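Reader: I am new to this structure and would like a close look at one part of it, the place where the two chains meet. Could you take me through that part with care, and then set it beside what surrounds it?

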Amino acid sequence: MPEETSKAVSRRRFIMGVIAGGAAVSAAGYLFRASTHHGNAPLIGAGERLITLNVNGRQRRVDVARQETLAWTLRYNLGLTGAKLGCDRGECGACTVLIDDVPHYSCSVLTHTVRSRKVTTIEGLAAADGTLHPVQQAMVDQHGSQCGFCTPGFMMTIKWLLANNPDPSEDEIRDALSSNLCRCTGYSQMYQAIRAAIDAEQKGTKQELVEAK
Amino acid sequence: MTDFSVIGKSVAMIDAAGKTTGAGKYTDDFTLPGMLVGKILHSPYPHARIKCIDTSRAKALQGVVAVVTGEDAPNPYGILPVGHDETALAVGKVRYVGDHVACVAAVTEEIAEEALELIDVEYEPLPAYFDPVESMKAETDLIHENRPHNLEKDYHHVFGDPEKGFAEADYVAEARYIANEVTHAAMEPHCTLANFELDPHTGKMGRLTVWSSTQVPYYLQHKLSLVLEMPMSQIRVIKPLVGGGFGGKSEIIPLEIIAAVTARAARAPVKITYTREEVFWAHRGRPRTIIDLKTGVKNDGRVTAVACEVIQDGGAYCSYGVVTILYSGALLGALYDIPHIRYDGYRVLTNKPACGAMRGHGTVNVRFAFESQMDEIAATLKLDPAEVRRVNLLKPPTVTVNGLRVLSYGLPECIDQVITRSGWAERKDKMPKGRGLGVACSHYVSGAANSIIRSDMPHSTVNIKIDRDGGVVVYTGASEIGQGSDTMTAQVVAEVLGCDLARVRVIAADTDLTPIDLGSYSSRVTFMSGNAALRAAQDVKKNIVSAAAKRMNCAPEDVIMHSDRVYKRGAVAGDNDSEAAEILQDKEAARGHVDGQILRGSVLQTRKEEGPKEHMSFEEAVVSAIDFHGALTGTGSYAPPTEARGGKHKGGGVGPSPAYSYSAQVADVSVDEETGEVTVHKIWAAHDCGRALNPVAVEGQVIGSVWMGLGQALEEEMIWKDGLLMNPGLLEYRSPSSTESPEIECIIVESVDPEGPFGAKEAGEGSLAATIPAISNAIYHAVGVRLRESPFTPERILSALRAKKGMKRIEMTESVDPTAPVKFREHGGSLWFRGKGPTRHALDPSRQGSQAGSVAGGER
Ligand code: FES
Ligand code: FES
């Protein structure tokens with residue numbers, strides 16, 4: 001293991017990136033829960049309430065309030081409770097979902113902004129027949145989650161990481177995971193899980209290649 | 001003794017798949033028809049009398065169903081019988097900023113929040129106490145009237161003859177250490193859903209069901225019954241998955257009671273989930289602790305006496321405080337051999353959120369002081385720090401001077417392991433500039449030998465039922481909170497019954513279904529609940545064995561259950577390996593044959609005619625047992641033996657445990673002398689867990705503990721300003737992220753405890769305490785400054801480095817400054833009230849004359 005831990009990408013910077021990629025969240029909105037009840041200027045295009053979302057490859061019609069966050073819609077309107085709310089203000093990553101294959105904090109994204117985009121949640125990670133995604137399987141096998149509250153969020157981040165960088169270095173893994181917090185594992189068994197998933201994947205690809213020949 | 005088939009092997013958590021697919025349900029994932037959202041109004045004052053509360057405007061708001069205040073549930077409660085000083089909602093007085101004042105149940109969260117603003121509370125502010133030393137001087141305006149000088153509890157213990165011990169010493173070290181306050185920050189915010197059923201006969205409010213993220217469902221059931229004045233049998237507490245506890249959910253958190261009280265008033269299900277800020281304010285974490293420690297040693301480092309005075313800043317309520325202050329003293333013993341101990345402990349009330357139990361309860365901060373002082377002594381006497389620890393080892397079996405019984409003791413091996421693996425001897429004196437190694441040890445109880453409710457009832461009970469198809473259902477009150485309690489239970493049962501782990505299903509922590517268990521705290525589950533599971537499995541096994549003996553025409557002693565098979569001794573014994581292998585291979589076929597058919601009886605009939613057998617499948621044996629004995633059930637319970645229950649002195653009930661875990665650690669650290677930044681490169685942690693029932697889970701627990709200790713050592717700190725928390729957020733509180741977390745190498749040491757289930761002891765807490773001093777000792781060896789206040793932030797390190805160079809010391813922690821004003825004053829930076837930033841309540845006098853209408857972020 002390298003002696004120096006890379007601090008090149010700090011948690012804060014990463015998070016700032018994620019938030020900027022999602023919705024404009026003012027400092028006040030980030031610190032304090034904004035009231036969604038009344039008296040706020042309407043968001044552009046947010047007038048209609050019944051909208052269609054593309055979640056896990058399915059079209060879902062859903063009634064969405066004006067300033068509803070994606071986490072709220074997923075959890076309480078669509079019954080997809082896999083994404084967790086650990087802070088509801090862009091700090092912990094427990095609510096991470098993929099929007100157009102990029103991880104976002106769903107607590108910091110307004111549902112109205114993802115109407116024409118592809119949303120993937122933890123519920124959409126396993127294959128249709130229920131076979132776990134290699135990362136999920138590795139997390140099970142390597143004891144990558146303890147209480148499991150952070151796990152769905154991590155899983156989405158890891159999926160994105162491996163999709164973009166199939167063989168990340170240890171530092172790259174650390175940097176990528178710094179968008180999410182875990183309070184149980186000290187991250188170390190998660191690294192093992194990621195390694196195991198990569199190994200499994202690589203073996204899988206090699207086998208396919210052999211078969212193709 | 002390598003003959004185990006299930007335990008001792010790393011197995012995946014039995015609930016792991018649910019967690020990785022998002023299918024696992026935590027409390028906040030549940031919704032009930034007609035469910036209302038509860039929101040709580042908190043106090044903006046650290047100490048004030050409530051003159052009146054007017055909820056009429058809130059009640060009139062459309063969508064509001066109920067508003068409750070302290071008067072609706074005035075019965076006091078508290079986790080300790082000696083500390084019943086809390087009420088669900090404030091009655092007459094608030095004692096910290098964030099104290100719970102009223103709760104609104106409404107159809108949406110927004111309406112509930114709006115209603116909170118319509119509640120008018122008239123407060124009369126009182127002088128507040130924020131510093132424990134100041135607080136102890138208080139004569140008037142006490143936080144609790146029955147606690148003179150705001151002293152929750154003080155203990156003065158003398159074991160042996162400390163004066164004599166110090167007189168014998170060649171050298172006496174003395175210093176003050178301060179460990180600042182930290183909190184659990186579990187990823188799942190507290191959440192409770194409460195629902196009353198209507199009584200079918202009377203239509204009145206009937207049974208109550210509560211789903212809650214708790215470590216202690218049975219205590220919750222008990223306290224609910226106390227406050228709601230309902231019999232416990234009318235209350236069902238269900239613990240769904242819990243997203244981490246670390247002690248923060250090991251007592252009754254106000255929202256748990258408030259949800260029930262509000263549901264009763266609203267006559268509808270009510271769910272309350274704390275916001276992240278509220279979680280910080282609910283707190284119950286590790287108190288800021290001031291430790292004055294004095295250690296006498298001989299020239300070879302042998303300890304002759306220890307005197308320790310501890311002051312804990314306990315916050316506004318007792319919580320676990322009396323236990324915390326006792327642990328701090330009691331666990332000076334049982335790690336090393338200390339012949340004479342004097343301990344003075346003060347648990348002080350202040351106007352801040354209550355502190356409670358947190359991972360390593362009571363021991364962590366004192367261990368930081370003690371292990372640092374050991375290192376200072378080693379430096380002064382020019383001894384190897386590891387050697388100083390070795391000369392002070394206990395010689396078990398033994399009873400320490402303060403009455404703690406120690407049987408298994410893996411500390412010597414733990415020390416050897418980390419010293420060898422870290423290359424201590426070769427590397428220690430050749431470290432480059434700014435880099436150092438530090439060593440430290442710690443220990444922890446495997447459950448408290450005396451329960452907090454003084455009673456003789458068993459601490460854990462487990463029931464088992466086995467169905468005709470060989471499915472084993474285990475009912476346990478133990479609370480899985482991510483530590484692997486369900487898996488441990490299943491493993492123990494499968495091991496005893498010699499069956500596949502996959503057969504075992506665990507139903508846990510539902511007070512209607514599962515027998516009583518005290519809960520998941522003080523690292524008691526593996527030892528106590530594990531022992532109960534072991535006994536329950538043995539109980540049910542008796543019946544299987546006796547029936548199998550009849551079927552196989554042999555004595556019950558000759559029946560072996562192993563590898564999902566039941567066979568006659570000799571048929572598959574070690575002396576007959578080839579046959580054994582054959583029979584075991586056959587097991588799939590045997591199972592296929594039996595499945596389903598036996599239930600119809602036909603095959604069973606023919607089988608009976610087959611005559612005596614040599615071996616059979618687990619299902620077959622189960623069916624025989626049910627045929628012979630009727631329903632196949634077993635039960636087992638565990639209470640710690642009387643010899644392990646400690647001395648008779650006042651407070652002697654806290655500290656004793658049937659077994660102690662041991663840990664030794666070496667930290668490899670470098671310090672940037674320019675910036676004061678500490679980088680931890682690696683930590684070697686050896687942990688004696690008796691026997692690792694599931695090594696991968698033990699590793700996870702040890703690494704998690706070390707990592708949490710690392711957080712407390714380097715970054716985590718609750719920063720207070722006149723009773724206001726300055727950093728109630730996960731970014732501001734700074735628990736380490738993945739880029740700040742070093743490699744932690746876990747070394748499992750197995751001392752096989754004579755009383756633990758298969759020899760197992762605790763693994764989930766004991767390692768935490770050694771990490772903080774290991775790091776501070778490493779910092780000392782890196783740059784020569786001794787940090788006696790945690791966390792070791794760059795500011796503190798720079799300040800110490802400056803002091804060492806003779807420059808003026810910068811005092812960074814204002815909270816340490818005794819001259820700092822103790823009066824409450826307005827802070828523009830506060831995130832309170834109710835998440836609205838600097839705005840205070842309309843009736844807050846401190847707002848009078850200030851700019852009206854300033855809102856959150858208004859100054860930007
Ligand atoms: S809940 Fe979205 S980042 Fe914490
Ligand atoms: S597993 Fe509990 S927070 Fe990550």
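Author: In this predicted model, the side chain of Arg89 of chain A and the side chain of Glu277 of chain B come together in a salt bridge, with 3.5 Å from N to O. This pair belongs to a wider set, since the rule finds six salt bridges across the interface of chain A and chain B. Counted as polar contacts, with both residues at pLDDT 80 or more, the two chains share 25 residue pairs.

On the chain A side, the helices that each supply at least two residues to the surface touching chain B are α1 (11-22), α2 (27-31), α3 (70-77), α4 (134-141), α5 (151-164), α6 (170-177) and α7 (188-212). Of these, α2(A) gives the most, with four residues. Sorted by class, that side of chain A holds 27 nonpolar, 20 polar and 14 charged residues.

Taken as a whole, the interface brings 61 residues of chain A into contact with 70 residues of chain B. The two chains bury about 5500 Å² between them, and 53% of that area lies on carbon and sulfur atoms. As for confidence, the model scores ipTM 0.90 and pTM 0.89, while chain B averages a pLDDT of 90, with 89% of its residues scoring at least 70. Two stretches of chain B call for more caution: over residues 573-581 the pLDDT stays under 50, and the model has seven contacts there beyond four places in sequence, whereas over residues 586-609, where pLDDT also stays under 50, there are 31 such contacts.

Turning to the strands of chain B, β8 (residues 171-179) runs antiparallel to β13 (residues 288-297), and nine bridges join the two. In this pairing, Ala179(B) has Thr289(B) of β13(B) as its bridge partner. Strand β8(B) also pairs with β31 (residues 789-790) of chain B, here in the parallel sense and over two bridges, with Ile178(B) standing opposite Glu789(B).

Elsewhere in chain B, three strands in the order β4-β2-β6 make up an open sheet with antiparallel pairing. Its edge strands are β4 (93-94) and β6 (120-125), each of which pairs on one side only. Between β2 (residues 48-54) and β4(B) there are two bridges, in the antiparallel sense, and Arg49(B) is found opposite Lys93(B) of β4(B).

Methods. Residues are numbered from 1 along each chain as its sequence is written. Chains are lettered from A and ligands numbered from 1 in the order in which they are written. Side-chain values use heavy atoms; hydrogens and water are left out. Two strands pair if DSSP finds at least two bridges between them. pLDDT is the predictor's confidence in each residue, from 0 to 100. Contact means heavy atoms within 4.5 Å. Buried area is the accessible area (1.4 Å probe) that two parts lose on being put together, summed over both. A salt bridge is a side-chain nitrogen of Lys or Arg within 4 Å of a carboxyl oxygen of Asp or Glu. A polar contact is a pair of N or O atoms within 3.5 Å; within protein, one must be able to donate a hydrogen and the other to accept it, and residues adjacent in sequence count only if both atoms are side-chain atoms. Ala, Val, Leu, Ile, Met, Phe, Trp, Tyr, Cys and Pro count as nonpolar, Asp, Glu, Lys and Arg as charged, and the others, Gly among them, as polar.
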